[in-house]
Amino acid sequence: MSLQMLRGPDGTLHAMAIAHPRDTYEWVRGVVYLQSTNDGASWSVETVAPSIDFSRYSPDAASLTLDGHGKPAISFTLNGGQLQLARRTNAGWSVSDLGATVGPNPDSVVRTAPDGSLFILYQDSLGGSLVLGHVIETR
């Protein structure tokens, strides 16, 4: 299982957990987002992507950030190497295939630029080069 946590500017704790189908964690299936407004005393849990196949890629290949509006964004890789971005919207979670295939090292890193837009760094599947791309403006 992969777990990442960060604290937002308002003090809210944000966490992301991803479990491989072979893991036996009852509360984690696929990609899960957790939020605590009371310093971890209690957590709300939301399923981001319930059924993802990690049979070829590690669930550790994921990243969590907050966009310019303080909403969480999670990058992760599916079985075929397809790079995905999940974003929290007012209506719930929206997961997008970014049209990129990662290389043998499936890690991706999503971060927020000073202007509030999101960018992702990943390894290209063809030449193994690091690619900085997929700048996504926040709304």
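A residue is called buried here when its relative accessible area is under 20%, exposed when that value is over 50%, and partly exposed in between. The legends below apply these terms to a predicted model.

**Figure 1. Overview of the chain as an array of strands.** In this predicted model, the chain contains 11 strands and 0 helices, so that the order of elements from the N terminus is β-β-β-β-β-β-β-β-β-β-β. Of the 139 residues in the chain, 45% are buried. When contacts between residues at least 6 apart in sequence are considered, 36% of them join residues at least 24 apart. The chain exposes about 7,300 Å², and carbon and sulfur atoms supply 50% of this area.

**Figure 2. Close-up of Thr12 in the loop between strand 1 and strand 2.** Thr12 follows strand 1 (2-7) and precedes strand 2 (13-19), lying in the loop that runs between them. With a relative accessible area of 7%, Thr12 falls under the 20% limit and therefore counts as buried. Leaving aside residues up to four places away in sequence, Thr12 touches Leu6 and Arg7 as well as Gln35, Ser36 and Thr37.

**Figure 3. Close-up of the salt bridge between Asp39 and Arg7.** The closest N and O atoms of Asp39 and Arg7 are 2.9 Å apart, and this is one of the 3 salt bridges that the structure holds. The pair links distant parts of the chain, since Asp39 belongs to the loop between strand 3 and strand 4 whereas Arg7 belongs to strand 1, 32 residues apart. Asp39 has a relative accessibility of 55% and is exposed, while Arg7, at 48%, is partly exposed.

**Figure 4. Close-up of the salt bridge between Glu46 and Arg88.** Side chains of opposite charge can pair when their charged atoms come close. Here the side chains of Glu46 and Arg88 meet at 3.0 Å, N to O. Because Glu46 lies in strand 4 and Arg88 in strand 7 (residues 82-89), the pair ties together parts that are 42 residues apart in sequence. Both partners are partly exposed, Glu46 with a relative accessible area of 22% and Arg88 with a relative accessibility of 24%.

**Figure 5. Close-up of the buried pair Arg87 and Asp67.** The side chains of Arg87 and Asp67 form a salt bridge with an N to O distance of 3.9 Å. Arg87 is in strand 7 and Asp67 in the loop between strand 5 (62-66) and strand 6 (72-77), so this pair ties together parts that are 20 residues apart in sequence. Arg87 and Asp67 are each buried.

**Figure 6. Close-up of a nonpolar surface patch around Trp43.** Met5, Trp43 and Val45 make a nonpolar surface patch of about 300 Å². Within this group, Trp43 is placed in the loop that runs between strand 3 (30-36) and strand 4 (44-49), and its relative accessibility of 34% makes it partly exposed.

**Figure 7. Close-up of Ser94 in strand 8.** Ser94 is found in strand 8, which spans residues 92-101, and has a relative accessible area of 33%, so that it counts as partly exposed. Residues up to four places away in sequence being left out, Ser94 touches Leu85, Ala86, Arg87 and Thr89. The C-alpha atoms of Ser94 and Val48 are separated by 8.0 Å, although the two residues are 46 residues apart along the chain.

Definitions and conventions:
Residues numbered from 1 in each chain as written. Predicted model: local features only at pLDDT ≥ 70, side-chain atom pairs only at ≥ 80, totals over all residues. Heavy atoms only, no water. Helix = DSSP H or I, 4+ residues; strand = E, 2+ residues; numbered from the N terminus. Buried < 20%, exposed > 50% of the residue type's maximum accessible area, 1.4 Å probe, protein only. Contact = heavy atoms within 4.5 Å. Areas by Shrake-Rupley, 256 points an atom, 1.4 Å probe, with all protein chains shown as cover. Patch = residues over 30% accessible without salt bridge, like charges linked within 9 Å, V, L, I, M, F, W, Y side chains within 5 Å. Salt bridge = Lys/Arg side-chain N within 4 Å of Asp/Glu carboxyl O.
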